[in-house]
Each structure stands twice: as C-alpha cells, then as structure tokens.
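Please read the sequence alongside the three-dimensional view, and follow the description below from one element to the next.

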Amino acid sequence: MLLKNGFLINPRTNTCEPSDIRFSDGIIQEIGLPLRAEEGEEVLDISGLTVAPGLIDTHVHFRDPGLTYKEDIHTGALAAARGGFTSVICMANTKPTVDSPEVLADILSRAEKENIRIYQTASVSRGLKGEALNDFMALSKAGACGFTDDGIPLLDAAFCFEAMKQAAALKLPISLHEEDKTFIANNGVNAGETADKLGIEGSPALAEEVMVARDCMLALHTQASVVIQHISSGNSVALVRLAKQMGADIHAEATPHHFTLTEEAVLTYGTLAKMNPPLRCEKDRLAIIQGLRDGTIDLIATDHAPHSAEEKARTITEAPSGITGLETSLGLGVTSLVKPGHLTLMELLEKMTSNPAALYHLPGGSVEVSAPADFVIFDPEEKWTVDGFLSKSSNSPFKGRELYGKIHFTICGGRIVYHA
C-alpha cells in the first residue's frame with residue numbers, strides 16, 4: 001500500500017513534514033515525496049490528514065480471563081483500534097491472576113488472533129497478595145513485557161525493593177499502583193469539598209504521595225525502570241521530578257481524565273467520574289499538565305477500565321472505580337493539551353508513541369524505513385462527538401462531549417484495522 005499526501009509527525013525522528021509512505025508485508029519500505037504508485041499497488045489518499053505512529057497504551061484492562069462481561073480481548077482490541085492504538089499493554093489483575101506462564105501463554109495465544117498488538121504484564125506477587133514474589137525469569141521467558149500488581153499497592157517496602165531488583169536484572173519495567181490504604185475511608189472520590197458534599201470521607205492525596213516518595217527512593221537505589229501509574233497528585237509529580245533529577249530511572253503515567261477533569265466532575269457525572277486514584281483539585285490537574293510539559297510525566301496512558309452499567313448504577317461508595325478510555329484518549333489529548341497550548345502535537349504524540357515503545361522495548365512507536373507499518377491517521381482540527389463505543393462498556397463521563405482530533409484510519413501491520 002502507498003499512503004499519499006499525508007502530513008507526517010514522527011516524534012522519534014522529530015519529523016514534521018508532508019510525506020508519502022510505502023509499505024508491504026507489514027513493514028515500511030520507503031518514505032519520501034513524491035512517491036509514485038507501482039503497478040498493482042493500493043493507494044490510500046490521505047490529503048489533509050496527519051499520519052503518526054500507531055498509538056501505544058501502557059495501561060489497559062481487557063478483563064480477560066474472568067470478567068469478560070465487562071470486556072474481552074476481542075472487544076478491547078476493537079476499542080483500541082478505533083482510538084488509534086496499534087499496541088496495548090494489559091494489566092495482570094485478571095481472574096485468574098496472570099502469575100503463571102500457563103495463564104500468560106493462554107492470553108498471548110488468543111491475543112495473536114486480533115488485529116492489533118496486545119502485550120501482557122505479569123503480576124509482581126502470587127495472587128496479587130503482596131506476599132510471595134513471582135518467578136520473574138519464567139514469566140519473562142513466557143512473554144511478559146513487565147510486572148505490576150496494578151489495582152493493589154505493594155505495601156511491604158522490602159518486598160517492593162526485592163521486586164524492583166529482580167525486574168532491573170531482567171531490564172523490564174515494574175509499574176506501581178501507589179495507594180496506602182490506611183489513609184483511605186472511601187475510595188474513588190478525593191477527600192475534599194466534593195466528598196464533603198457527598199457526606200463521605202474520600203481518598204486523600206496523601207495516600208498516593210507517601211507511596212510515591214518511598215518508591216522514588218527505592219527506584220533510585222535499585223536503578224529499576226519504575227513506572228508510577230496514573231499519577232493524580234501535584235505533590236507526586238514534584239516527587240517524581242526530584243527523583244529524575246537525582247538519577248532514578250523513573251517514569252510516570254498521566255491519564256486523560258486526570259489532566260482534563262477535577263473532583264467536581266463527580267457532582268455532575270456521579271459514579272461515571274469515580275476513579276482510583278480519584279480526580280483531584282484544579283491545582284493537581286495543572287501540576288499534571290506542567291509535568292507533561294517539562295517531561296516529568298513521559299507517558300499518557302488510559303487506564304482503560306470498563307465496567308457494566310449495572311455496576312456503575314450502584315451508590316457512589318459501592319460502585320467500582322474507573323472509566324473506559326481507549327476511544328477518547330487522543331481526542332482528549334488534542335482538545336485538553338494541544339488546543340490550549342500546553343503541548344505541541346509532536347509532544348503529545350511522543351508520550352503516546354515513542355516513549356512507551358522505548359520503555360517497554362516494543363517494535364512500534366516510529367515511522368521509519370524497516371519499522372512496523374503501524375499508523376494512526378487523523379485530523380487534529382476536525383471535531384467529533386463521543387456518541388458510542390466499540391468497547392463492551394460505556395462507563396465514561398465524556399459521552400456527548402465534542403472533541404478535536406477525529407481518527408480516520410488505524411493501520412496495524414500494514415492492514416487497515418479501523419476506518420471511520
């Protein structure tokens with residue numbers, strides 16, 4: 001296939017220019033201007049559209065195995081492709097937990113049948129109990145791309161320290177859910193004005209910050225590649241910034257909901273705005289944006305967390321936390337970060353393509369000759385409305401929102417896997 005008349009933005013090479021792109025057998029063969037179509041070659045005219053590396057999400061929940069009424073590998077892949085993602089990394093808190101080569105092999109074998117690249121983490125601890133360390137070497141050989149007990153914090157500092165050392169020895173990332181539960185009465189809503197209005201105690205930023213402070217120092221001393229997942233507190237951002245300055249190999253994820261919304265959204269959207277960690281104050285939102293601007297936060301990840309309508313219909317203290325995020329991520333980034341001038345489109349895409357690829361040692365993340373033919377093709381100036389989901393679940397406060405950045409095509413391995 002030949003992509004004609006696109007505008008290429010490629011963060012890894014700092015390319016920002018009109019380009020034609022030829023690819024075959026799933027690999028980019030030639031980039032230039034102009035390229036002439038060869039005999040029998042399919043041509044896709046993308047005049048007026050931006051072409052970038054296929055997006056990469058380092059933090060998704062496909063709920064498979066065990067909770068497939070919320071999502072499964074196939075519907076998750078469809079939602080990802082619609083959102084411009086050609087690679088996703090699934091969390092390990094499934095049922096059963098991904099804590100054995102057998103469970104991991106089952107997921108990866110089924111994932112191979114989908115039209116996007118699906119990678120799988122393994123849990124740090126057996127059964128997510130935070131007591132017995134998994135066999136990192138065996139899980140790595142079985143295909144785990146990293147380790148995480150996401151959803152559950154590693155409360156034992158010595159245990160976390162040993163896990164970091166083992167991950168570092170394998171040169172694989174370890175991703176941490178930062179939450180000291182001793183400070184939390186009710187999860188999913190920030191301990192502040194909104195919680196007071198709802199008559200609940202909520203979850204204070206302190207619960208995150210004390211864990212981030214600890215793990216920044218553990219990261220410094222182990223030199224492990226440590227990811228602070230779904231960062232929500234301005235103080236946490238400052239701690240990560242300091243740890244980077246000290247020489248720690250530490251990274252942080254920001255979700256679109258945390259750089260777009262504040263705790264007041266819970267009063268408007270109810271349980272659809274219940275997150276873990278929760279939406280916090282405007283000063284925290286602005287600190288996250290500043291962290292994205294200065295590179296403290298180097299990843300944008302959705303924490304795609306589908307739940308059924310019945311579950312989200314429960315009371316604010318009983319409903320599960322999380323939102324579906326794959327299909328709105330790019331639009332929210334363009335609308336909330338690029339349009340107001342916080343980030344350039346190049347900087348936004350860097351945190352959604354080349355940075356995650358480099359951290360997780362993935363083959364995608366760049367549009368270069370000999371690289372995989374993975375692309376998102378979109379119009380950053382075109383508006384669209386969030387009106388439906390390919391995910392099994394639609395638990396999102398962004399339903400009905402008008403966003404910039406309409407996706408026209410997603411191409412993975414040289415095949416069109418989504419078109420508007």
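In this predicted model, a good place to begin is helix 12, which spans residues 329-338 and is largely enclosed by the rest of the structure, because eight of its ten residues are buried. The buried residues of helix 12 comprise Ser329, Leu330, Gly331 and Leu332, followed by Gly333, Val334, Ser336 and Leu337. The criterion behind this reading is that a residue counts as buried when its relative accessible area is under 20%.

From this helix the reader may turn to the sheet. Five strands form an open sheet in the order 9-10-11-12-13, and their pairing is parallel. Its edges are strand 9 (147-148) and strand 13 (299-300), each of which pairs on one side only. Within the sheet, strand 11 (residues 226-228) and strand 12 (residues 250-254) run parallel and are joined by three bridges, and in this pair isoleucine 228 of the one strand stands opposite alanine 252 in strand 12. Strands of a sheet pair through backbone hydrogen bonds, in either a parallel or an antiparallel manner. Across strand 11 and strand 12 lies helix 7 (residues 234-246), whose direction makes an angle of about 155° with strand 12.

The surface offers a further feature, in that Phe183, Leu206 and Val210 make a nonpolar patch of about 220 Å². Of these residues, valine 210 is found in helix 6, which covers residues 205-222. Is valine 210 buried, exposed or partly exposed? Valine 210 counts as partly exposed because its relative accessibility is 30%, a class that lies between buried, under 20%, and exposed, over 50%.

Key: Residues numbered from 1 in each chain as written. Predicted model: local features only at pLDDT ≥ 70, side-chain atom pairs only at ≥ 80, totals over all residues. Heavy atoms only, no water. Pairing = 2+ DSSP bridges. Helix = DSSP H or I, 4+ residues; strand = E, 2+ residues; numbered from the N terminus. Contact = heavy atoms within 4.5 Å. Axes fitted to C-alpha atoms, helices over the stretch in contact; angles between N-to-C directions. Patch = residues over 30% accessible without salt bridge, like charges linked within 9 Å, V, L, I, M, F, W, Y side chains within 5 Å. Areas by Shrake-Rupley, 256 points an atom, 1.4 Å probe, with all protein chains shown as cover. Salt bridge = Lys/Arg side-chain N within 4 Å of Asp/Glu carboxyl O. Buried < 20%, exposed > 50% of the residue type's maximum accessible area, 1.4 Å probe, protein only.
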